[in-house]
Amino acid sequence: MAAVDSFYLLYREIVRSCNCYVETLALVGAFYTASKAVGVARDCYNLVRLHFIPRLISRPNLVSQYGRWAVVSGGTEAIGKAYAAELAKRGLNIILIGQDRSKLEDTAKTIAETYGVETTIIEADFSQGKEVCKPIKQAVTSKEIGILVNDIGVSYERPHYFTELSEVRLWDIINRNITAASLMVHLVLPGMVERKKGAIVNISSGCCCKPTPRMAAYSASKAYLDHFSRALHYEYASKGIFVQSLVPFSIGTESSDCVGLMNVSSWLAPSPRVYAQHAVSTLGISHRTTGYWPHSIQFCFAQYMPEWMWGYGSNILYKQCAIKEQAA
């Protein structure tokens, strides 16, 4: 009995001495919970502010806000082509840059006939390096370039290990995903600074959120575009230049590569046309966005997801893609 009483007294003394620590831990927990709640509320507010309110109010006049001409590199690619059409719908003249001349001509003709704007095409193979800059520089220096959209890019033919990547494909990723965007910005930015207005949109990818296994070079190149755009924003925002990093996730298209394009459009993987409509509405509002509200929800999950979980999930996804490809 005496032993029980002694244990009870000891227990009470321990509880009494720990009360201050328990209260401290409770305060820390409450602060952590409150900060997370504030973060979620902020994300919800930004979601509404970026993707819903701009579509309810009158559209801004992009011509007066930025300039009469828009340059779209990768103008025959899925997002680039749709983005160019959406800008033309807003009244901007379009300069399309791409590698396939016949596709450029067809796209330019369709845009000109549909929206009644001027179009110019420039055939350029950015895998050749800086030599392609001369004709582009000649074309843009005589025009009031208000918006630059960089969508030139190349991915893997299929996800695989870095050592299986050919040297030619590696140089293509570097030249098209990194060098091309950097050179294009370097060509048009001085004119924008001189006029004190302009917008630059660099189209990155959702895989820039975390290191992505079996897509190492591609995800790293898209991370470069994201960081490059955000750095430019801080450098030139005070000079009247708006720089946006566009970070899309899966986009629906008629061809599927198991990387960022899906062969069926859905609310999670919109068609390029639907995506472009949403993305253009964020121009001038957010300097870093997915451009599409379901993608913003995916981006939030990706941001909070542990890196190991992202890598593990990517490995499983790409293994399934490889199995499907072999079965086909």
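Helices in these legends are DSSP runs of H or I with at least four residues, strands are runs of E with at least two, and both are numbered from the N terminus. All the views show a predicted model.

**Figure 1. Overview of the predicted model, with its 11 helices and 9 strands.** Let us start with the whole protein. Of its 328 residues, 44% count as buried. Among contacts with a separation of 6 or more, 72% join residues 24 or more positions apart. The accessible surface comes to about 17,700 Å², and carbon and sulfur atoms hold 59% of that area.

**Figure 2. Close-up of G116, in the loop between helix 5 (101–115) and strand 3 (119–123).** Is G116 buried or exposed? G116 counts as exposed, because its relative accessibility is 65% and the cut-off for exposed is over 50%. For orientation, look for K89 as well: it lies 27 residues from G116 along the chain, and the two C-alpha atoms are separated by 8.8 Å.

**Figure 3. Two loop residues, K196 and R214, with positive phi.** Most residues other than glycine have a negative phi, and here are two to compare with that rule. K196 has a phi near 65° and sits in the loop between helix 7 (167–195) and strand 5 (198–203). R214 also has a positive phi, of about 65°, and is found in the loop that runs between strand 5 and helix 8 (216–236). Which of the words buried and exposed fits each residue? K196 has a relative accessible area of 63% and is therefore exposed, whereas R214, at 15%, falls under the 20% cut-off and therefore counts as buried.

**Figure 4. The second largest pocket, with about 560 Å³ of space.** The lining has 21 residues, and those closest to the centre of the pocket are D43, N46, S296, F299 and C300. Three elements give two or more residues to this lining: helix 1 (2–51), strand 9 (288–289) and helix 10 (293–304). Which element gives the most? Helix 1 does, with 9 residues. As for chemical class, 10 of the lining residues are nonpolar, 7 are polar and 4 are charged.

**Figure 5. Helix 10, one of the elements that line the second largest pocket.** Here is a friendly check on helix geometry. With 12 residues at 1.5 Å a residue, helix 10 should span 16 Å, because the expected span counts one less than the number of residues. The C-alpha atoms at its ends are 17 Å apart, which agrees with that expectation. Which residues of helix 10 are buried? They are P294, H295, S296, F299 and A302. An α-helix has 3.6 residues a turn, so residues three or four places apart point the same way. Two of these buried residues, S296 and F299, are also among the residues closest to the centre of the second largest pocket.

**Figure 6. The largest cavity, a space of about 30 Å³.** Rolling a probe the size of a water molecule over the atoms shows where empty space is left. How many cavities of 30 Å³ or more does a search of the whole structure find? The search finds 1. To locate the largest cavity, pick out its lining: S73, N150, D151, I152, R176, A180, A181 and L225. Helix 7 gives the most to this lining, with 3 residues. By class, the lining divides into 4 nonpolar, 2 polar and 2 charged residues.

Conventions. Residues numbered from 1 in each chain as written. Predicted model: local features only at pLDDT ≥ 70, side-chain atom pairs only at ≥ 80, totals over all residues. Heavy atoms only, no water. 1 Å grid on protein atoms, 1.4 Å probe; cavity = no way out; pocket = protein on both sides within 12 Å on 5 of 7 lines; lining within 4 Å. Points joined across faces, edges and corners; volume = space filled by probe spheres on them. Nonpolar A, V, L, I, M, F, W, Y, C, P; charged D, E, K, R; others polar. Buried < 20%, exposed > 50% of the residue type's maximum accessible area, 1.4 Å probe, protein only. Contact = heavy atoms within 4.5 Å. Areas by Shrake-Rupley, 256 points an atom, 1.4 Å probe, with all protein chains shown as cover.
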